[in-house]
Amino acid sequence: MTDRFNLYRFASPATFYPLAGRMIPWFVVAAVIFGAAGLWFGMLVAPTDFQQGEGYRIIFIHVPASWMSMFIYLVMAFWAAIGLAFNTRLSGMMTQALAPTGALMAFLSLWTGALWGKPMWGAWWVWDARLTSELILLFLYIGYLALTAAIDDTRRADKAGALLLLVGVVNIPIIYFSVKWWNTLHQGSSVNFAKSSMAVTMLWGMLLMALCFWMYSIAVALARVRTIMLERERNTDWARAELAGEKAVGEQSS
């Protein structure tokens, strides 16, 4: 295998930084396209639900946000395991870059769930198994951010955060299977690629919005990790060169 096909070289911030910069515009464009299509299907094309009326349309935000809140945590746990196993600098940077977006998705899931739950259940909040475990997920995100920010040494902060992530990952299957394990107010999954109980246009709207949230999360994480790289690696030659280039571009534009 030549160096061109050696994926390990992208574990270096100096190599990953320009790659992330090239990928960000593509994911931003994809997020806009999928978001526009998803909102069109979800708000204009999908029929009115015969039980919940127009209020059900909040699922086109609620469900993708809930999916992403769990998926991002799993990705962070993956990077945490890689970091502990191979001591790679990029791993801690990626988990730190993903955490704010994961916390945002968990907050959106809970907030839109409350807006949906009030007319459907008659209450903004109940100590439902899925709601409670999703709230714990939000606390895990906030706890990770607080823990890593409280430790000045970035390597120690990365290791401490990685341990918290790996311990907390047990909460993800609890969220996912809570409707099967306990008697909860949440309905079971309506999305089944083999046989879905949803109308086709509803399903398309939800899946397109999920892709929008996915593309958005990747774009934001890549942009954030580039900033983290420059902050942590500012004393290296490649970071000085990047900062000097950005400063020159700023002076020219002004």
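Buried means under 20% relative accessible area, exposed means over 50%, and partly exposed covers what lies in between. With that in hand, let's look at this predicted model.

Q: Why is Trp-40 called partly exposed?
A: Its relative accessible area is 47%. Partly exposed is the class between under 20% and over 50%, so Trp-40 at 47% belongs there.

Q: What makes the pair of Trp-40 and Phe-41 edge-to-face?
A: Rings pair if their centres lie within 6.5 Å, and planes over 60 degrees apart count as edge-to-face. The centres of Trp-40 and Phe-41 are 5.2 Å apart and the planes stand at 75°, so the pair is edge-to-face. The structure holds six aromatic pairs.

Q: How do you know what kind of pair Tyr-56 and Phe-60 form?
A: The same two values settle the matter: ring centres 6.0 Å apart and planes at 65°, so this pair is edge-to-face too.

Q: Are Tyr-56 and Phe-60 buried or exposed, and why?
A: Tyr-56 has 2% relative accessibility, so it counts as buried. Phe-60 has 0%, so Phe-60 counts as buried as well. The cut-off for buried is under 20%.

Q: What does Phe-60 touch, leaving aside residues up to four places away in sequence?
A: Its contacts are Gly-42, Ala-46, Met-202, Gly-205, Met-206 and Met-209. Phe-60 is also one of the residues that touch the most other members of the largest nonpolar core, which has 54 residues; Phe-16, Ile-59, Met-76, Tyr-141 and Met-229 are the others. Helices α1, α2, α3, α4, α5, α6 and α7 each supply at least two residues of this core, and α3 gives the most, with 12.

Q: Why does Leu-208 count as buried?
A: Leu-208 is at 10% relative accessibility. Buried means under 20%, so Leu-208 qualifies. Leu-208 is found in helix α7 and touches Phe-34, Ala-37, Gly-38 and Phe-41, not counting residues up to four places away in sequence.

Q: How far apart are Leu-208 and Ala-31 in sequence and in space?
A: They are 177 residues apart in sequence and 9.5 Å apart in space, C-alpha to C-alpha.

Q: What makes Trp-125 eligible for a surface patch, and which class of exposure does Trp-125 have?
A: Patch members need over 30% relative accessible area and no salt bridge. Trp-125 has 32%, so the area condition is met, and Trp-125 is partly exposed. Trp-125 sits in the loop between α3 and α4. Together with Phe-107, Trp-111, Leu-115, Trp-124 and Trp-127, Trp-125 forms a nonpolar patch of about 730 Å² of accessible area.

Conventions
Residues are numbered from 1 along each chain as its sequence is written. This is a predicted model: local features need pLDDT of at least 70, side-chain atom pairs count only at pLDDT 80 or more; totals for chains, interfaces and linings use all residues. Side-chain values use heavy atoms; hydrogens and water are left out. Patches are made of residues with over 30% relative accessible area and no salt bridge: like charges are joined within 9 Å, nonpolar side chains (Val, Leu, Ile, Met, Phe, Trp, Tyr) within 5 Å. Accessible areas come from the Shrake-Rupley method with a 1.4 Å probe; for residues, only the protein chains shown count as cover. A salt bridge is a side-chain nitrogen of Lys or Arg within 4 Å of a carboxyl oxygen of Asp or Glu. Helices (H or I, at least four residues) and strands (E, at least two) are DSSP runs, numbered from the N terminus. Buried means under 20% relative accessible area, exposed over 50%, partly exposed in between (1.4 Å probe, protein chains only). A nonpolar core is a set of buried Ala, Val, Leu, Ile, Met, Phe, Trp, Tyr and Cys residues joined through side-chain atoms within 4.5 Å. Contact means heavy atoms within 4.5 Å. Rings of Phe, Tyr and Trp (its six-membered ring) pair if their centres lie within 6.5 Å; planes under 30 degrees apart count as stacked, over 60 as edge-to-face and the rest as tilted.
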